[in-house]
Amino acid sequence: MAQTAFDLVGGDRSVVVARINGEIRDLSTAVVDGDVVEAITVDSPEGLAVLRHSAAHVLAQAVQDTFPEAKLGIGPPIQDGFYYDFDVARPFTPEDLTELEKRMTVILKSGQRFERRVVSDDQALAELAGEPYKLRLIGSAGGAEVMEVGGKELTIYDNVNIKTGERCWGDLCRGPHVPDTRYIPTNAIKLMRTAAAYWLGDQRNEQLQRIYGTAWPSKDDLKAYLTFLEEAERRDHRRLGAELDLFSFPEEIGSGLAVFHPKGGVIRRVMEDYSRLRHDAAGYEFVNSPHITKGALFEKSQHLDWYAEGMYPPMHLDAEFDDEGKIRRQGQDYYLKPMNCPMHNLIFDARGRSYRELPLRLFEFGTVYRYEKSGVVQGLTRARGFTQDDAHIYCTKEQMAGELDSLLTFVLDLLRDYGLNDFYLELSTRDPEKSVGSDEVWAEATEVLSLAASKQGLDLVLDEGGAAFYGPKISVQAKDAIGRTWQMSTIQLDFNLPELFDLQYQASDGTRQRPVMIHRALFGSIERFFAVLLEHYAGAFPPWLAPVQVIGIPITDEHIDYLTEVAARLKAQGIRVEVDTSDDRMQKKIRTAQRQKIPYMLIAGDEDIAVGAVSFRYRDGTQKNGIAIDDAVAEIVAAVQTRVQV
């Protein structure tokens, strides 16, 4: 009997698949002498993905057991879970999910083996004649990026009852899978929600019903994940934005277009002002550009070739007609700008440039507009209109390495000032089918970026094919207070746009040379960074960013004047302070201040007034009594000026 990977590394339920000669395969795969076989456990990223992919198959089996008319779409593992798409007569309900979860439990307990079977195209077409979406995938194995096809062979996985040998269900799939359903703990799976989804993500295709689920190695892992989701929900910036009166998305304005309320406007202004201060000190020059431009500019930059789907439709303007309605002058298309770089190139090119001016660092808080699909718009983190803290640096090739090094250091230091400290870097490389420029130019740019990233002493992760069309990029990935990763700053090296715009400077020897262009958005966008910080701090911004830094709470109305005088002293020091003069009782005023997440509460009564003091109450509920006014003012001012994270 042939030896399998299971014979070498299996037996322990924590081992779910094997890496055989570098390729992840089922444990049932036959091996021969000389094969290199490595166990992959369920607590590894690869093993967990296989567990979830197998759970997706069990979900699909449960759906077709319960709804026999359901047609199968695709069912891949995703971050923290899996999904499967179905064509069904009606959308799934919460009650359906409960029943399907019960059915999955029955399947898991029954003990069904995942058996891989190689089939020809004709065999697959015959076996899956009743599955129209699967039929579309057959024959596309060379290029389809789905779990069903794309490998060297076309395969079907059969679910076979271990005890009886009965085939219970099957699906077109390239695998791999766990050995059998008992490897998936029944108390560590959960169906989360449903959503509408287009077949293969293309809105021109049929709309299917998607079920999202999650699966984990143990009950405790599932519990920890659900607790994490509860905390993430508590921190959701859309919820906090409404609760704290920071911003909103009026239906009258349109999807993905936010308005900031006064308190949100304060936070945003402070964020921007500090960023301007740091950029000014770092030698950046501030520019501004309009929100709309002629289409010819984006033809020149090739954004209309590569980015048109992400842009708002053109506005045809400037046409003139005579009295009879005949065109006297042809109009032209104008576009809302999706990025600022072409306009910054025009600023560079507005006059002759000398090598003595380089590096030239142009900076703008520039509002841009991108026509995101309605299904991906999500609060401030994925909007249709947003303001980038956008910089473009023009330098010589000799300056390039040093500029990238100092730029990364500047970016990371500034993010730390806002309270983010846990980073890694991601290097996005060329997609040959979606890029311009020569292989040599791209190779040089990628190598320079890689060297600059390595100097920071941070982990560097490769994102193959993820670069923009004009050059490779480094993105700073930051973890927030609950461990989620957010893409923050991006730094893109570009030899191509200077070529397209024929940008030149006069070198020291009098020759005309092409500058290197570096694109850099530190926050990504003000709106998105606002959302990240709001969730990172769960609305409890540090004192320097809080919209209201101090609130005075009088014990009775007789103490209002005293606290008003204290507030005036704080205002004179630039502190944002209010006095609660409402009719509410003191305890309710305290609860209101805590809900509004105000860092400092100053409480005063007769005893405080008698000695020229206040009682200090902090956001976490701790309190200090009898603090002299001078000391109270000094503590608050110091906390704001030093940007302490309390």
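## Exercises on a predicted model

Ile-24 has its place in strand β2, which covers residues 23-25. The model you're looking at is a predicted one, so let's work through it bit by bit.

**Exercise 1.** Work out whether Ile-24 is buried, partly exposed or exposed, and find what it touches.

*Solution.* Start with the relative accessible area of Ile-24, which is 26%. Buried would need under 20%, and exposed would need over 50%. So Ile-24 counts as partly exposed. Next, look for contacts, skipping residues up to four places away in sequence: you'll find Val-17, Ala-18, Arg-19, Ile-40, Glu-46 and Pro-176. For a sense of distance, try Gly-11: this residue and Ile-24 are 13 residues apart in sequence and 17 Å apart in space, C-alpha to C-alpha.

**Exercise 2.** Check whether the length of helix α3 agrees or disagrees with the expected span.

*Solution.* Helix α3 runs over residues 94-110, so there are 17 residues to deal with. The expected span is 1.5 Å times one less than the number of residues. That gives 24 Å for α3, while the end C-alpha atoms are 25 Å apart, so the two agree. Just past the helix, Gly-111 takes a positive phi of about 75°.

**Exercise 3.** Find out how the buried residues of α3 are arranged around its axis, and what covers them.

*Solution.* First list the buried ones: Asp-96, Leu-97, Leu-100, Met-104, Ile-107 and Leu-108. Now look down the axis of α3: the buried residues fall within an arc of 110°, so they line one face of the helix. Turn to the face pointing away from that buried side, and you meet the exposed residues Glu-95, Lys-102 and Lys-109. The cover over the buried residues includes α2 (45-66), β6 (81-87), β7 (112-118), β10 (189-198) and β11 (207-215).

**Exercise 4.** Classify the aromatic pair of Tyr-600 and Phe-616, and say which parts the pair ties together.

*Solution.* The structure holds 28 aromatic pairs. In the pair of Tyr-600 and Phe-616, the rings are 5.7 Å apart centre to centre, with 75° between the planes. An angle over 60 degrees counts as edge-to-face, so that's the label for this pair. Then place the residues: Tyr-600 is in strand β31 (residues 600-604) and Phe-616 in strand β32 (residues 613-618), so the pair links parts that are 16 residues apart in sequence. Tyr-600 is buried at 3% relative accessibility, and Phe-616 is buried too, at 0%.

Note on methods
Residues are numbered from 1 along each chain as its sequence is written. This is a predicted model: local features need pLDDT of at least 70, side-chain atom pairs count only at pLDDT 80 or more; totals for chains, interfaces and linings use all residues. Side-chain values use heavy atoms; hydrogens and water are left out. Helices (H or I, at least four residues) and strands (E, at least two) are DSSP runs, numbered from the N terminus. Buried means under 20% relative accessible area, exposed over 50%, partly exposed in between (1.4 Å probe, protein chains only). Contact means heavy atoms within 4.5 Å. Rings of Phe, Tyr and Trp (its six-membered ring) pair if their centres lie within 6.5 Å; planes under 30 degrees apart count as stacked, over 60 as edge-to-face and the rest as tilted. The arc is that of the directions from the helix axis to the C-beta atoms.
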